[in-house]
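Me: I would like to go through the labels put on this structure and see what each one rests on. Please show it before we start.

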Amino acid sequence: MTRVATFGNYQSALLNLMSAQNRAQQAQERIASEKIATDMSGYGRGAESLTSLTSTQERLTGFITAGKAASARLDAQDLAMTRIADGGKGARDAIANSLAAGRVDNLMAELNLQYQTVQGGLNAQHQGTYLFGGGQGDAPPATARTMADLAAAPSSAATFANDTLKQKSRINETTTIETGFLANELGGALADVFRNIQAYQNGAPVTMNGVTYTPAGVGTIAGKPSGEVEAFLQAAMKDLDAANEGVTNQTAKNGLMQNHVEAALDAHEAQEISLKKLMQNKSGYDPAQAITDLQMAQVAIQASAQVVNSLRNTSLLDLLR
């Protein structure tokens with residue numbers, strides 16, 4: 001038999017009031033977060049499944065972040081490679097136009113400008129790091145600032161300061177791609193041609209494709225070109241064509257990697273959307289239901305408070321008199 005007492009009535013009413021307040025707080029939290037609970041303990045048996053989904057989501061977020069970083073770097077490399085190609089093609093066109101005009105007075109000045117375009121592309125930076133420096137990202141990889149600097153060096157290879165470490169990017173669980181390029185691989189052939197032209201202009205014999213071209217003296221590339229100068233410049237144009245083709249191939253390779261990274265990003269982002277929907281289904285709480293729960297809890301709080309208030313004026317002693 002249940003004992004009837006004033007204390008018991010108070011205790012029962014207060015417990016009901018506290019329970020209603022707890023339900024109201026829980027409903028408010030669900031309205032704010034649109035989640036069933038604010039921590040895993042609130043999901044009961046579903047916590048293990050949600051933990052696994054959260055871990056998968058974190059891995060996806062990591063791959064998306066890495067993919068976006070790789071995509072930005074590849075975009076910057078494409079711009080830099082385009083600049084290198086512009087310099088190489090500009091040099092080739094300058095020689096061709098000069099020979100067609102029968103005068104090479106300003107050719108060396110034009111070639112120096114085109115070389116600086118090439119060097120600017122080789123020394124391009126992305127987020128404060130030199131793109132084509134390999135592991136030496138804090139120092140410009142192409143050190144010869146002018147064609148004169150090229151000719152003064154022991155070889156064109158000696159003017160490149162990059163190492164052999166190429167940037168790599170992991171774009172999913174099983175795929176790591178090499179997204180980096182090196183300055184000496186991109187601009188080495190072009191630097192050879194510019195160096196040969198400057199050496200010839202300085203009066204030194206130059207051998208290209210097994211043929212040695214000996215200038216009449218210093219400053220031979222000027223005015224109306226002689227047959228020997230014309231033959232040398234024609235050979236230089238062929239080497240420029242080969243060097244420009246190499247840059248074009250490297251640019252195409254960079255473009256293929258851009259497509260590969262973009263496809264991986266699209267796949268990850270689609271998977272992330274699906275995963276978010278699945279997590280929402282498992283952890284989400286209907287806002288309308290949460291509002292209903294809050295309203296019911298508020299009614300229960302008011303009712304419990306009225307009961308407590310009425311107990312203040314009620315005593316079993318009144319019934320025993």
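Reply: What follows takes the labels in turn, from the core to the charged pairs and the rings, for a model that is predicted.

Me: What makes the largest nonpolar core, and which residues touch the most other members?

Reply: The core has 56 residues. Membership requires a buried residue of a listed nonpolar type, joined to others through side-chain atoms within 4.5 Å. I95, L111, F132, I197, I221, F232 and L233 touch the most other members. The elements giving two or more residues are α2 (47–101), α3 (107–122), α4 (147–152), α5 (183–201), β5 (206–208) and α6 (227–283). Helix α6 gives the most, with 13 residues.

Me: Which residues does L233 touch beyond its neighbours up to four places away in sequence?

Reply: L233 touches I95, L99, V104, L107 and I221. Two of these, I95 and I221, are also listed among the residues that touch the most other core members.

Me: Why is Q114 called buried?

Reply: Its relative accessibility is 13%. Buried means under 20%, so Q114 counts as buried. Q114 is placed in helix α3.

Me: What does Q114 contact, leaving aside neighbours within four places in sequence?

Reply: Q114 is in contact with D86, G87, G90, A91 and F194. Contact here means heavy atoms within 4.5 Å.

Me: How many salt bridges are there, and why is the pair R92 and D241 called one?

Reply: The count is four. The side chains of R92 and D241 come to 3.0 Å, N to O. The rule asks for a Lys or Arg side-chain nitrogen within 4 Å of an Asp or Glu carboxyl oxygen, so a nitrogen-to-oxygen distance of 3.0 Å meets the rule.

Me: What makes R92 and D241 a link between distant parts of the chain?

Reply: R92 is in helix α2 and D241 is in helix α6, with their positions 149 residues apart in the chain.

Me: Why are R92 and D241 called partly exposed?

Reply: The partly exposed class runs between under 20% for buried and over 50% for exposed. R92 has 26% relative accessibility and therefore counts as partly exposed. D241 has a relative accessible area of 36% and so is partly exposed as well.

Me: How do you know that R103 and D105 form a salt bridge?

Reply: Their side chains meet at 3.0 Å, N to O, and the cut-off is 4 Å. R103 is partly exposed at 44%, and D105 is partly exposed at 44%.

Me: What makes E185 and K166 a salt bridge, and which parts does the pair tie together?

Reply: The N to O distance is 3.1 Å, against a limit of 4 Å. E185 lies in helix α5 and K166 in the loop between α4 and β3 (168–170), so the pair ties together parts 19 residues apart in sequence. E185 is partly exposed, with a relative accessible area of 40%. Salt bridges that share partners join K166, E178 and E185 into one network.

Me: Is K168 buried or exposed, and why?

Reply: K168 has 57% relative accessibility, and exposed means over 50%, so K168 counts as exposed. K168 is placed in strand β3.

Me: Where does the chain come back to K168, and what does K168 touch?

Reply: The C-alpha atoms of K168 and E178 are separated by 4.3 Å, although the two residues are 10 residues apart along the chain. Beyond residues up to four places away in sequence, K168 touches T176, I177, E178 and T179.

Me: How many aromatic pairs are there, and why is the pair Y200 and F232 called stacked?

Reply: There are three aromatic pairs. Y200 and F232 lie 3.9 Å apart, centre to centre, with 10° between the planes. Pairing requires centres within 6.5 Å, and stacked means planes under 30 degrees apart. Both conditions are met, so the pair is stacked. Y200 is in helix α5 and F232 in helix α6, 32 residues apart.

Me: Why is the pair Y213 and F232 called edge-to-face?

Reply: Its centres are 5.8 Å apart and its planes are at 70°. Edge-to-face means over 60 degrees, so the label fits. Y213 is in strand β6 (residues 211–213) and F232 in helix α6, 19 residues apart.

Me: How do you know that Y213 and F232 are buried?

Reply: Y213 has 17% relative accessibility, so Y213 counts as buried. F232 has 0% and counts as buried too. Y200 is also buried. Ring pairs link Y200, Y213 and F232 into a cluster.

Methods. Residues numbered from 1 in each chain as written. Predicted model: local features only at pLDDT ≥ 70, side-chain atom pairs only at ≥ 80, totals over all residues. Heavy atoms only, no water. Buried < 20%, exposed > 50% of the residue type's maximum accessible area, 1.4 Å probe, protein only. Helix = DSSP H or I, 4+ residues; strand = E, 2+ residues; numbered from the N terminus. Phe/Tyr/Trp six-rings, centres within 6.5 Å; stacked < 30°, edge-to-face > 60°.
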